[in-house]
Amino acid sequence: MNRDKKIAFILAPFLLIGGWVATDLYLESEDSPTQLFQLEATGECRLFDGDCILQSGDMQVNVTDAQGLTRVNTSYPSDRVALSLVYRDGQEVIYDLEQLANPQYWERQTDIRDAMAGSSKADMLRIVVQVKGKNFFGEFSPAGSK
């Protein structure tokens, strides 16, 4: 066996693995169409009692509000979570939640309790959870908010 064949046999596995990794990275970076999934409440959504679970397939989202701190826990690590408060006159206030140490836990100070329970100016909440190009959207009215 000559010197060129020896070098080819030594380099071939590295080139094979490098090509496989490069192909995987290329396919992952390509823009794929955005997917939208509907989140539905699994029962009565009691946001202020800590019992509001929304679900779409395997994805579960738990939304709670205590002392003005709104928390969202997801069953999968999420890239972004946004919650919006929809008023009766059509106005909408959007809250981008902040990620905690784990990308499954999100929170932010909001005035949802005052807007829904107090003066009853708002009656609907919307939530969007983004997970790797997939968007989960839910619209609900918390029980006991009126």
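Helix α1 spans residues 3–29, and its 27 residues cover 39 Å from first C-alpha to last, close to the expected 39 Å (1.5 Å times one less than the number of residues). The helix does have a kink: α1 bends by about 35° at Leu11, with Pro13 following within four residues; the bend is the angle between axes fitted to the seven residues ending at a position and the seven starting there. As for cover, 0 of the 27 residues of α1 are buried (under 20% relative accessible area, with exposed being over 50% and partly exposed in between; 1.4 Å probe, protein chains only). Helices (H or I, at least four residues) and strands (E, at least two) are DSSP runs numbered from the N terminus. This is a predicted model, with local features needing pLDDT of at least 70 and side-chain atom pairs pLDDT 80 or more, while totals for chains, interfaces and linings use all residues. Residues are numbered from 1 along each chain as its sequence is written, and side-chain values use heavy atoms, leaving out hydrogens and water.

Turning to the strands, β2 (residues 53–56) puts Leu54 and Ser56 on one face, buried, while Ile53 and Gln55 point to the other and are not buried. β2 runs antiparallel to β1 (residues 35–41) through 2 bridges (pairing takes at least two DSSP bridges), and Gln55 sits opposite Glu40. On to β3: β2 pairs with it, again antiparallel, over 4 bridges, and Ser56 has Met59 as its bridge partner. The β2–β3 hairpin leaves 2 residues between the strands, and Gly57 in the turn has a positive phi of about 65°.
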